[in-house]
Every structure is written in C-alpha cells, then in structure tokens.
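Reader: Before I accept the terms used for this model, I would like to see how each one is justified. Could we go through them in turn?

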Amino acid sequence: MIDENAYDVVVVGAGFSGLYAIHRVRQLGLRVRCFEAGDGVGGTWYWNRYPGARVDIESMQYSYSFDDGLQQEWRWPEYFSPQEDLEAYANHVADRFGLRSDIELNARVNRLAFDERANRWHVSTENGHHVTAKYIVAATGSLDAMNLPPFPGLESFGGQWYHTARWPKEGVRFDGKRVGLIGTGSTGIQATPVIAQSAEHLFVFQRTAAYSLPAYNRPTDPAYERAWKADYPQRRAKMFGHFAASYTENDQYRSVFDYSPEERQRILEEAWAARNGLLFMRTFSDISTNLEANEIVAEFVRGKIRATVRDPKVAELLCPTTYPIGAKRICMDTGYFEAFNRDNVTLVDVRANPLAEITPTGLRTTADEYDLDIIVFATGFDAVTGSLTRMNVTGLGGLDLREKWRDGPTTFLGFLVAGFPNLFMIHGPGSPGVLVQMITGGEWQVDYVTKIIEDMERSGRQRIDTAPEWEQRWNVEVEEAAKRTLYNYADSWYVGANIPGKPRIFMIYIGGFDRYIQRCTEQVANGYEGFVFDGSVPAEPR
Ligand code: NA7
C-alpha cells in the first residue's frame with residue numbers, strides 16, 4: 001500500500017529556487033511536496049512588499065534561464081522590477097509549469113528530524129502536516145528570517161508598527177501620519193522616498209550611513225529587450241561562466257592606479273551617469289580588494305551625496321565613513337538622498353544618540369522623544385543561516401543544527417552539512433548565495449543537487465553525507481576567498497554582525513560563481529570525493 005505521506009523529496013520554500021526544484025525533481029519522476037510558509041509563491045518577493053521594494057539586478061537577467069519559451073514570452077516592463085512584477089512572474093511560473101498541485105501554502109516547516117534507521121526525514125509544519133521524505137531540498141532563502149531587534153516597550157506602542165519583510169498585502173496608508181523608519185540598509189533606502197511622498201512627517205533613524213547608487217530605473221527599451229531575447233542562449237552561457245553569474249558588456253577591469261586622477265574622475269563620472277547600480281562597482285578591478293583604491297571611489301560617492309543634499313550637516317551624516325564601499329551590500333536608490341531635501345523628512349542620528357525605548361506615543365532616543373503614528377522596522381534579517389536554524393533541524397544522533405553551528409556555520413561546498421544526510425541547502429552558508437545573481441545561482445545549485453539525487457536513485461544509494469574534515473577544508477576556502485577582499489572590514493549581515501551574539505564568520509563563498517561551479521563539479525567528477533555514501537569511510541582531504 002502506498003503511504004500518501006511518504007515522499008521522495010520535500011522542498012522547503014516556494015521562492016525562485018524552490019519552484020525550480022519542484023520542476024526538476026518531477027522531471028526525475030520522483031514524488032515531491034513543497035511546504036511554503038506564505039499564502040503565495042515567490043519567497044523573498046512574496047514577503048518583501050514594502051513601499052519601493054525593487055530588485056537591484058536587471059530583470060532580463062534576474063530571471064529563469066531553464067526554459068527558452070518562458071524567457072522569450074515573458075515581458076519585464078521595467079529594467080529593475082518592482083516587487084509586484086517579480087511576484088507576478090513567480091505566479092506565472094507556478095501556473096505555466098503546473099507546480100501548484102505539489103505546493104502546500106500556509107505551511108511553515110517547524111521540525112525536520114532525520115530517522116537514521118529508515119534514512120528518512122520527518123517533516124512537520126506549524127499547521128499540523130506531517131510527512132516523510134528521503135531527501136530535503138531546503139530552498140529557504142538567505143534573507144527570510146526577519147530581524148526585529150528587541151526594543152523595550154514595543155508592546156506598549158499605541159500606533160501601528162510593521163516590519164518591512166512582513167508587509168501587509170493591503171498596504172499601509174501614510175497620509176497625515178507621523179512615521180518613524182528604523183534602518184537605512186537597502187530596504188530603508190528604497191522605502192524612504194516613497195513614504196516621504198505621503199507621510200505628514202518621516203523621521204529616518206540612521207545608525208550607520210550606507211553607500212547608495214542611483215538605480216536609473218526606467219521602462220524597458222524594446223530594442224534592449226529584443227537584443228536580449230535574440231541572444232539569450234549566448235548570454236545565459238556567459239552568465240554561468242561569470243564570477244557573479246551576471247552578464248556585462250562593458251567591464252573595464254583595470255586598476256584605479258592605471259589612470260591619472262583626472263582620468264579617474266572622468267571615468268567615475270561616466271560610470272555614475274551610465275552604469276546602473278551594481279555595475280558601478282566594477283568600474284575598476286581593485287575597488288573590492290584594495291583599500292586605497294576603494295577610498296578613491298568611496299570619496300567620489302560621498303561627493304555625490306554632498307552635491308545632492310542641501311543641508312551640509314545632514315549631508316555629512318549621510319556620508320558613510322566607517323567601512324569601505326561595497327563591504328556591505330551596496331544599495332540602489334531612486335531619490336533617497338533627494339528625500340532629505342524635503343521639509344517633511346528628518347534624519348535622526350541614532351549612532352550618537354541610540355534608540356532607548358518605544359513608548360506608548362512613539363519612540364525615545366537618549367537625546368529626544370518622537371511622537372509617531374506608525375513605526376516601520378527596516379532592520380534586516382538573521383541572514384543566510386536564520387531560515388535554516390529556525391526550522392529545528394536534527395540530524396544523526398539527534399544533533400541539533402543550531403548546536404552544530406554554534407561557533408558559525410560549517411558546510412561542504414555550501415550545500416551539505418556533516419551529520420545531516422540527504423539534506424541539500426540552496427544558497428546555504430558557504431555557497432556564493434547573495435553575492436551572485438541569485439536566480440541563476442539557484443538554478444545551478446538545484447541542477448547540481450538533482451543530478452546527485454538522480455545518481456543516488458540510479459545506484460540504489462540511501463544516504464549521502466560528508467565529513468567534518470571536508471567541511472573544515474571548505475570553510476578554509478571560503479575564508480581565504482573572503483580575505484582577498486575588503487568584506488571583513490564592515491559589520492554587515494554577511495558576517496552575522498547585525499545579530500547580537502551571532503558568531504562573526506564570513507558566510508558566503510566569494511571566490512566566484514565560475515570557480516564555485518568548478519569546485520563542485522570536480523568533487524563529483526573525482527568519484528564523489530568528500531562525500532560519504534551509506535555510512536562508508538570518508539576519503540581523507542588531500
Ligand atoms: P540590512 O541591510 O541589514 O539593514 C538593516 C538596517 O537596520 C541597518 O541600517 C541597521 O543599522 C539597522 N538596524 C538594525 N538593528 C538596529 C537597531 N537595533 N537600531 C538601529 N538600527 C538598526 O537589511 P535590509 O533589509 O535593508 O537589506 C537586506 C538585504 O536585502 C540587502 O543587503 C539586499 O541584499 C537586499 P546598522 O547598519 O547595523 O548600524
């Protein structure tokens with residue numbers, strides 16, 4: 001008798017990687033079930049529906065490549081899609097490939113336990129589902145577990161409050177309201193100009209100033225779309241061989257120091273005017289690796305802030321000075337700095353005067369009190385590991401993933417954890433994750449994982465694991481790659497510094513997507529070196 005609740009694969013999360021994982025697993029002819037916490041598909045682009053939410057990579061490339069019909073027929077109205085267009089795309093993909101019948105919505109996984117006698121995972125959800133599966137694909141997202149700092153007094157607040165990552169579907173009306181926005185990362189920077197348009201007054205509480213570049217978002221030029229569609233196969237192939245899984249036509253890749261100060265200025269001005277967002281960071285080859293080169297570019301960007309913001313004191317406060325440009329995720333904005341020229345926007349420095357408490361009528365810093373009707377928390381995420389550790393995952397011998405990662409996450413190739421067999425993470429710690437174009441990165445990882453599943457099914461293997469020595473070795477590779485950059489110079493979510501008590505470890509493989517593919521591929525080609533099947537003795541790392 002078939003056990004209806006026994007699956008070959010459970011996919012956790014119906015974001016972009018999860019949707020593709022369902023599709024690929026089905027192609028293997030295996031039984032799959034996907035559990036999704038939200039009441040719709042889209043993952044990050046389902047949850048983050050705050051005002052101004054927009055992707056920072058051009059949509060013609062931040063999209064699936066696996067089906068040419070899909071990429072030919074889909075139209076992206078804007079270069080950088082707003083949240084609603086990305087959510088619509090996820091829904092279209094779910095319908096077009098008939099994925100919905102395998103997705104359980106409103107089903108947050110709250111327990112994953114490995115049964116080592118049966119080599120099966122037990123999966124439970126908050127709303128009472130209980131199934132088993134041979135394999136888990138954890139497509140849980142790098143930026144899913146929201147961070148709401150424990151500000152004292154929040155429960156006493158008489159107004160409304162929202163976290164940007166759990167924004168109500170019906171939206172929030174700001175007209176006539178005094179609004180406080182906490183946080184000036186990508187999210188706060190996108191939300192500020194939009195909220196400012198209707199709020200009676202907006203107070204932006206800034207702890208650390210951020211480097212932000214103009215998005216230059218605009219309607220998609222039909223000629224640009226045609227060029228992409230005519231050349232999709234070649235461009236996608238280039239993306240799979242590119243260090244950031246991206247397509248660029250005009251990388252200069254020369255050192256800042258190859259140019260005279262006047263030439264640099266000219267190149268930077270041209271880049272500022274023409275290269276949207278993240279591309280600007282590739283104007284020179286050494287921006288992310290050489291502090292002196294970085295400072296030249298950082299000072300150029302500060303000059304732009306000073307030229308935009310009329311009040312010199314406010315401008316100075318908005319200039320980031322405590323870390324290199326790019327060491328935290330660079331932000332992309334549409335009118336962020338300009339918003340501080342409005343009479344109804346006030347910047348509050350909570351580095352000098354920290355937030356002390358939320359009060360029944362607003363918020364108090366160590367210097368002042370603010371009457372507020374609405375508080376918006378744009379305070380980020382327990383990134384990369386949070387969505388995994390919050391699921392209560394236990395592996396061999398009942399080992400808890402939180403315990404295993406107490407001193408920081410360890411993985412082999414960013415997708416497998418020793419002692420947690422048959423559990424595959426997409427965009428997990430130690431993978432290129434958010435430092436590459438994530439849809440393409442996710443597609444590649446899903447393909448890699450499904451190939452492993454296919455091999456196991458063909459050879460009748462029950463269990464795939466790795467060994468701590470191989471995790472250590474991979475961790476060294478991750479660390480070495482990060483050391484060659486300036487990323488360790490900032491207290492960012494990349495290193496877990498935004499969550500008090502989280503071990504400070506660079507959690508992302510920055511050696512390049514191309515190099516990552518090469519490393520993953522060669523481990524498998526070398527007879528699955530570093531993997532342990534069905535409890536066999538692991539090979540020694542060389
Ligand atoms: P981020 O980038 O983590 O930004 C969170 C912001 O919230 C940042 O400015 C923080 O200041 C601020 N923050 C967090 N906790 C506090 C407290 N306790 N007091 C004051 N301010 C605080 O999250 P986002 O959602 O903006 O962006 C996440 C990613 O999504 C982004 O990098 C893109 O990849 C897309 P801090 O800098 O820590 O001083």
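Reader: What makes you say that helix α5 lies across strands, and which strands are these?

Author: This is a predicted model, and in it helix α5, residues 186-198, lies across β8 (178-182), β9 (201-206), β12 and β16. Helix α5 runs at about 170° to β8, and because angles run from 0 to 180 degrees between N-to-C directions, that value places the two N-to-C directions close to opposite.

Reader: Why is the sheet that contains β8 called open, and which strands stand at its edges?

Author: The five strands have the order β7-β16-β8-β9-β12, with parallel pairing. β7 (160-163) and β12 (345-349) stand at the edges with a single partner strand each, so one side of each is left without a neighbour in the sheet. From one strand to the next, the twist averages 20°.

Reader: How do you know that β7 and β16 count as a pair?

Author: A pair needs at least two bridges, and four bridges join β7 to strand β16 (residues 374-377), so the requirement is met. These two strands run parallel, and His-163 stands opposite Phe-377 in β16.

Reader: What makes β13 and β15 edge strands, and what is the order of their sheet?

Author: This open sheet has three strands in the order β13-β14-β15, with antiparallel pairing. Since β13 (355-359) and β15 (369-371) each have a single partner strand, one side of each is left without a neighbour in the sheet. Neighbouring strands here are turned against each other by 20° on average, direction ignored. Strand β14 (residues 362-365) pairs with β15 in the antiparallel sense over three bridges, and the pairing therefore satisfies the criterion of at least two; Gly-362 stands opposite Asp-371 in β15.

Reader: How do you know that domain 1 and domain 2 are in contact, and how many residues are involved?

Author: The domain assignment gives domain 1 as 6-145 + 383-463 and domain 2 as 178-221 + 237-377. Taken over C-alpha atoms, their centres are separated by 31 Å, but contact is judged by heavy atoms within 4.5 Å, and 22 residues of domain 1 are in contact with 23 residues of domain 2.

Reader: Which domains contribute to the lining of the second largest pocket, and what is its volume?

Author: Each of domain 1 and domain 2 supplies at least three residues of the lining, and the space in this pocket is about 880 Å³. The lining comprises 37 residues, with Phe-243, Ala-244, Arg-282, Leu-435 and Tyr-487 nearest the centre of the pocket. By class, 21 of the lining residues are nonpolar, 11 polar and five charged.

Reader: Why is the largest cavity called a cavity rather than a pocket, and which residues line it?

Author: The word cavity applies because a 1.4 Å probe fits at its points but cannot get out, whereas a pocket is an open set. About 40 Å³ of space lies in the largest cavity, and its lining is made up of Ser-63, Tyr-64, Leu-70, Gln-71, Trp-74, Trp-76, Tyr-89, Tyr-232 and Arg-236. Both α3 (68-73) and α6 (222-240) supply at least two of the lining residues. The classes are six nonpolar, two polar and one charged.

Reader: How many cavities of 30 Å³ or more does the search find, and what lines the second largest?

Author: A search of the whole structure finds two, and the second largest has a volume of about 30 Å³. Ser-288, Asn-294, Ile-325, Gly-326, Ala-327, Thr-485, Leu-486 and Tyr-487 line this cavity, with four nonpolar, four polar and no charged residues among them.

Terms used:
Residues numbered from 1 in each chain as written. Predicted model: local features only at pLDDT ≥ 70, side-chain atom pairs only at ≥ 80, totals over all residues. Heavy atoms only, no water. 1 Å grid on protein atoms, 1.4 Å probe; cavity = no way out; pocket = protein on both sides within 12 Å on 5 of 7 lines; lining within 4 Å. Points joined across faces, edges and corners; volume = space filled by probe spheres on them. Nonpolar A, V, L, I, M, F, W, Y, C, P; charged D, E, K, R; others polar. Domains from an automatic or database assignment.
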